[in-house]
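Visitor: Please take me through one part of this model up close. I would like to look at the nonpolar patch on the surface.

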Amino acid sequence: MSISRFRILLFWVLTTVCMILHFNFHVGDLFYGINIVREGANGQKPTSLVIIRFIFELFPLIWAVALLYLQSIEWRRVNFFLSIPFTLAHLSHVVGELKEGDPSQLLLLTFVLLMSILLTIESWKWLKTPDYQFTNQQKSKPVFE
C-alpha cells in the first residue's frame, strides 16, 4: 500500500471520528446546564439529520473500507472528486462555527478542515500516481466476483 493511499484511508477515518466528536461536544454541553434543544424541536429526528449523519459519519467509513480493496484509476478519480465537496463542507462548518464562538468546537472543526485539506492533497497525489506503479499489485476488480 502506498503512503498516499494509507494517509487517505487514515484521513477518511479520522474526519469521521472527529465529526462524531463534534456531535459529542454538543451533547457534552448538557453537563453544564446549557440548553441544546433546537427551537421548534418535537422529539422527532428530521430526515435531514439522518442524511447528514450518513454523509459525514457512515459513508466515509464505508468509503475507507472500499479503498482497502480498490485502487484503479477510476476509483482514484472518484476519491479525489469526493474529497473536494467534503473539504468545502468542512470549510463551511468552520466559518459557521466562527459565528457561534465555541472554542472547543472551533478547534475541533479547524483540525477536521486541515485533515480534509490533507485528504484532498493526498488524493491528488494518488490520482497522479502512474498506473505502472500498481503492476506488481492486484488491479481493482469487483468485490463480489
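Guide: Start with a term. Buried means under 20% relative accessible area, exposed means over 50%, and partly exposed lies in between (1.4 Å probe, protein chains only). F6 has 45% relative accessibility, so F6 counts as partly exposed. F6 sits in helix α1. Helices here are DSSP runs of H or I with at least four residues, strands are runs of E with at least two, and numbering starts at the N terminus.

This is a predicted model: local features need pLDDT of at least 70, side-chain atom pairs count only at pLDDT 80 or more, and totals for chains, interfaces and linings use all residues. Residues are numbered from 1 along each chain as its sequence is written, and side-chain values use heavy atoms, leaving out hydrogens and water.

Now the patch. F6 belongs to it, along with M1, I3, L10, L14, V65, L68 and Y69. Together they have about 800 Å² of accessible area, by the Shrake-Rupley method with a 1.4 Å probe. A nonpolar patch joins Val, Leu, Ile, Met, Phe, Trp or Tyr side chains within 5 Å; each residue has over 30% relative accessible area and no salt bridge. A salt bridge is a Lys or Arg side-chain nitrogen within 4 Å of an Asp or Glu carboxyl oxygen.

Two helices, α1 (3–28) and α2 (47–69), each supply at least two patch residues. The largest share, four residues, comes from α1.

Step back to the whole chain. The protein chain has four helices and zero strands. Of its 145 residues, 32% count as buried.

Conventions:
Patches are made of residues with over 30% relative accessible area and no salt bridge: like charges are joined within 9 Å, nonpolar side chains (Val, Leu, Ile, Met, Phe, Trp, Tyr) within 5 Å.
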